[in-house]
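User: I should like to go through the assigned terms in this model and hear the reasoning behind each of them. Please set each value against its criterion.

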Amino acid sequence: MSFPTHKKYIIIGAGIHGLSTAWHLAKELKARKRGSGKDILVIDKTAIGAGASGIACGVIRNNYYQAAMQELIAHSVDVWEEDAQGYGYLPVGYMQISPERMHADVADIHERQADIGYESEFIEGEKDCLKYMRGNVFEDWQAQNVTSILHEKRGGYAHNTKALYRLADKAEAEGVRILTGVTVKGLPHNGCVTGVETTKGLIKCDYLIIGAGPWANSFWDMLDLPQRIDVRDNEGNVHPDIKMWTYWSLQEGTLGIEPTYGMDNRGKMPPVIHVDTDAPLFSSEDGSLITEEMWGIYYKPDFHFRGIQGGATPNLVKKEKVAVDPYGIDSPDFIVGPEFAHTWTSALAHCQKRYEDKYYRYKKEPSGGLGAFTPDNFPIFDVMRQNCYMIADSSHGYKMIGVGNLVAKELMEEKQPLLRPFRFDRYDKGELLPESNSPFPWS
Ligand SMILES: Cc1cc2nc3c(=O)[nH]c(=O)nc-3n(C[C@H](O)[C@H](O)[C@H](O)COP(=O)(O)OP(=O)(O)OC[C@H]3O[C@@H](n4cnc5c(N)ncnc54)[C@H](O)[C@@H]3O)c2cc1C
């Protein structure tokens, strides 16, 4: 196939957002008789799933303190459920297990879930939480300082690359072309974007969509958007000169034991477990104190990762200049080290007796990766430079498979209320999403 010189729609990035947008946009164009998938070109410098989407642990949860996030994710869970098998989505549910200082926040989350019809159960009080966990999930449960459990009955996790290939197949079946091995070097714009300058030549376009995950900042630069901004908080106070993009190193790894070892009391796949606690954490290796600060982990048995896979709170990258490439497990700087392995395996042992003597089974292979975060750590979904839709999910958006569906509708001039809270001008207007008491930057 010859190299294109013009496409009506160009999408940069063959990750979860680029591919979902491509497929949904192709369907919208066809349904409205305004074109077809043949009007859409997806460009990726490497391959499908070469970015964050291809290394994400794939957890899909609604547990967000922000009502806008909850509604957005509920919509995405509908999309996951439409083709669960095709996407490799396992609807095992999700449990947010919390200490007293998060109790009230999580109670609010539960209440809002009830309001929007997102099925979940809320268990309160130390005794009842222990009883619920031992009776219904893991009889060897032993985590301390737990006073509430939010058990989401929907969500769970997906096989990260399977979902991407499924979306790519669906897009290609609609006529979308996916061009890999082509790097975008510049975005000529004169008020609006006129095309993309690539390593193989210029491709003109009428509309550009960017779903570049951790590389969001390089496209922000190409669009000559500001590297520092003033942020107005919800009380009207202006915080001047805030960095537009910060980077966190996401900490994940796998215990190399049979996933069946992590099954629940019924011998079945348990919900994804997420524990935040202020109980002291001791080493399962030598009994030494690891931390008395609040800590958090998540985990699940995972056949794709061949073990018990999960993560812990991410680390803020403090460098002024951050190299996103080489990305993911190829990065010498942003893969997890022995400190993560020690903390995470000890945290597993804190939660369940069966992991007390399993720390040595931690897989010593590279894992984890970098994420680009916005000033308030929540996504920006907005039109920049008149004809460029930026999908910048602030690095917790694998679960947001439905955003492409909503963006496609906005491209057809149908404004989507679910996307409205994620406009860029919220920083100027003082319409920030509320902050929670979770130790994670994205909750
Ligand atoms: C270790 C880790 C675990 C995570 N776990 C979860 C999770 O459990 N649940 C969850 O919801 N989220 C999770 N996330 C976050 C999630 O992975 C990302 O938010 C999401 O995948 C971003 O998708 P995307 O499509 O925007 O970008 P990406 O998947 O990163 O895709 C961007 C693509 O753009 C391409 N590209 C970049 N620059 C150029 C260029 N100049 N020219 C052409 N192409 C280019 C890249 O090659 C890449 O393929 C995790 C992230 C990490 C790092």
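**Ligand shell, domains and helix packing**

Analyst: Among the elements around the ligand, H1 gives the most to the shell, with three residues. The model is a predicted one.

User: Which other elements supply at least two residues of the shell around the ligand?

Analyst: Besides helix H1 (16-31), they are strand E2 (40-44), strand E15 (246-255) and strand E21 (369-373).

User: Which residues come nearest to the ligand?

Analyst: Of the 39 residues around the ligand, Gly13, Gly15, Gly51, Ser53 and Gly213 come nearest. A residue belongs to such surroundings if its C-beta atom, placed from the backbone, lies within 6 Å of the molecule.

User: How do the residues of the shell divide by class?

Analyst: The shell holds 17 nonpolar, 17 polar and five charged residues. Gly counts as polar in this scheme.

User: How do you know that the shell draws on domain 1 and domain 2?

Analyst: At least three residues of the shell come from each of domain 1 (1-89 + 157-240 + 377-443) and domain 2 (94-153 + 246-373).

User: What is the separation of the domain centres, and how many residues are in contact?

Analyst: The centres, taken over C-alpha atoms, are separated by 27 Å. In the contact, 29 residues of domain 1 meet 36 residues of domain 2. On the side of domain 1 that touches domain 2, H2 and helix H7 (216-222) are the elements that give two or more residues. H2 supplies the largest share of that side, four residues. By class, this side of domain 1 has 15 nonpolar, twelve polar and two charged residues.

User: Why is H1 called roughly parallel to H6?

Analyst: The axes of H1 and helix H6 (residues 160-173) cross at roughly 30° and come within 8 Å. Angles under 35 degrees count as roughly parallel, and H1 is therefore roughly parallel to H6. The crossing of H1 and H6 is left-handed.

User: Which residues make the contact of H1 with H6?

Analyst: Ile16, Leu19, Ser20, Ala22, Trp23 and Ala26 of H1 meet Leu164, Leu167, Ala168, Lys170 and Ala171 of H6. Nine residues of this contact are nonpolar, one is polar and one is charged.

User: What makes H1 oblique to H9?

Analyst: H1 and helix H9 (residues 403-411) have axes that cross at roughly 45° and come within 7 Å. That angle is neither under 35 degrees, nor within 65 to 115, nor over 145, so H1 is oblique to H9. The crossing of H1 and H9 is right-handed. From H1, His17, Ser20, Thr21, Trp23, His24, Leu25 and Glu28 meet Val403, Gly404, Asn405, Val407, Ala408, Lys409 and Leu411 of H9. The residues of this contact comprise six nonpolar, six polar and two charged.

User: Why are H2 and H4 called oblique to each other?

Analyst: Helix H2 (residues 67-82) and helix H4 (residues 100-116) pack at an angle of about 45°, and their axes are 11 Å apart. The oblique class takes what is left outside the roughly parallel, antiparallel and perpendicular ranges, and H2 and H4 are therefore oblique. Ala67, Gln70, Glu71 and Ala74 of H2 make the contact with Arg112, Gln113 and Ile116 of H4. Three of these residues are nonpolar, two polar and two charged.

User: In which hand does H2 pass H4?

Analyst: The crossing of H2 and H4 is right-handed.

Note on methods. Residues numbered from 1 in each chain as written. Predicted model: local features only at pLDDT ≥ 70, side-chain atom pairs only at ≥ 80, totals over all residues. Domains from an automatic or database assignment. Axes fitted to C-alpha atoms, helices over the stretch in contact; angles between N-to-C directions. Left-handed = near helix turned anticlockwise from the far one by under 90°. Contact = placed C-beta atoms within 7 Å.
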